[in-house]
Amino acid sequence: MATEETAEQREIVATIREFVERDVVPVASELEHADEYPAELVETMKELGLFGVTIPEDYGGLGLDLSTYARIQVELSRGWMSLSGVLNTHFISAWMIREHGTEEQRARYLPRMATGELHFAYSMTEPHAGSDVQAIRTRAVRDGDEYVITGQKTWATNGLRSSGVMLLAKTDPEADPRHRGMTAFVLEKAPNVHEQPGLTVSRPLRKLGYKGVESTELVFDAFRTPAAAVLGGEEGLGFKQFMGGIELGRVNIAARAVGIAQAAFEAAIRYAQEREAFGKPIARHQAIQLKLAQMATKIEASRLLMLEAARRKDAGERADLEAGMAKLFATETAEEVALEAMRIHGGYGYSQEYVVERLYRDAPVLILGEGSNEIQQLLIARRLLERYEA
Ligand SMILES: Cc1cc2nc3c(=O)[nH]c(=O)nc-3n(C[C@H](O)[C@H](O)[C@H](O)COP(=O)(O)OP(=O)(O)OC[C@H]3O[C@@H](n4cnc5c(N)ncnc54)[C@H](O)[C@@H]3O)c2cc1C
């Protein structure tokens, strides 16, 4: 069953929870308000092996499955979602290299990704194309033993600090269907510099929440990379490879949503028992109890959907419908629960002194990332119509 935790998972989750309670919770809001990168916490995450959770042991990782990774993401996001953001682009890139990379690519990247020596961003979104991924314009043109890449990407999370980018580009803009002209590249770049030959990394974009982890533009202008950078060594497979990555990302986003919602619920139920109005704790007023009951029930449903999607993926079963449902339901729940938690806090919920203010600003990005929830519903409906084809 998806809900059953193995002894190993229990132990790992307990270790991460301890790290979150001890090191993350006391500093998260301060770092977030200052929009400061959590350098020390990231070092501890490397020591804990979190950069290589799903990288096979042969390549120096922990060799764990998606279900375990998702449970870890719940715990991290319960403390501070941005820590999950530091890991997620890296995790998807590593998974793509493991699944689709050549043996040479696996050997070159995975061991150093497992330790965190290499840190990856993944980048498909462009200023004019987000949901319509196949409309991207970034071009990669073969020139002898190299490709020359030109185009503009945006919203690349970890775009500045990363030393590698999993990039989606067009190798044949005339291809029909369009996705056959799209290719994934494993690019190496210098971390922490805004300018290098052929690549300009913007200042971090300013955001509502999800602070501390940077999202940047990447402007490629005749950036040169060896031809060996094509993921799997074959052009034209990039769209499918990225969509596989995004499916994993949906489970991860659902896990983050469960973490955010759980944190908001815990803050709300604690506060409701402390705060008094009309002569008794507000938790004794039925209107508040109804909120708490709805919140906890929806969080539990989100958790189960998320774990089932992860279980199916780990079992090698098709999981796009389940991952889509989990992402849709869990992220809408996180948004709703964060708002309800703020309402339960009354005016104090609007104050930066209380964590619910941060959770309320962090939740919305989950609704639009890894396929917006509008797109998610279209994908779910498409699969349902296939399944129930008359
Ligand atoms: C903080 C943050 C971090 C991000 N990190 C990354 C990253 O690391 N890498 C990366 O590649 N991208 C990243 N993104 C980009 C993100 O994936 C896109 O923003 C997302 O895919 C939506 O694309 P868009 O913003 O262009 O919106 P659009 O595609 O322009 O959509 C605008 C609105 O129209 C709706 N819409 C679009 N098409 C349809 C349709 N057919 N039917 C119904 N409604 C539709 C959408 O649901 C949305 O409501 C990040 C974004 C943010 C905000």
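Two residues count as in contact here if their C-beta atoms, placed from the backbone, lie within 7 Å. I will use that word throughout, and please keep in mind that this is a predicted model.

I'll begin with one residue, Asp 23. Asp 23 sits in helix H1. What does Asp 23 touch, once its neighbours within four places in sequence are left aside? The answer is Leu 41 and Thr 44. Take Thr 44: 21 residues separate it from Asp 23 along the sequence, and the C-alpha to C-alpha distance between the two is 9.2 Å.

Is Asp 23 buried or exposed? Asp 23 counts as partly exposed, because it has 16 C-beta neighbours inside 10 Å, and partly exposed is the class between 12 or fewer, which is exposed, and 20 or more, which is buried.

Now the chain as a whole. It is divided into domain 1, residues 7-115, domain 2, residues 120-234, and domain 3, residues 240-385. I will stay with the first pair listed. The C-alpha centres of domain 1 and domain 2 are 23 Å apart. Between them, 24 residues of domain 1 are in contact with 17 residues of domain 2.

Which helices supply the domain 1 side, with at least two residues each? They are H1 (7-34), H4 (81-100) and H5 (103-115). H4 gives the most to that side, with 12 residues. By type, the domain 1 residues on this side are 11 nonpolar, 9 polar and 4 charged.

To return to the start: helix H1, where Asp 23 has its place, is among the helices supplying the side of domain 1 that touches domain 2.

Note on methods
Residues numbered from 1 in each chain as written. Predicted model: local features only at pLDDT ≥ 70, side-chain atom pairs only at ≥ 80, totals over all residues. Domains from an automatic or database assignment. Helix = DSSP H or I, 4+ residues; strand = E, 2+ residues; numbered from the N terminus. Nonpolar A, V, L, I, M, F, W, Y, C, P; charged D, E, K, R; others polar.
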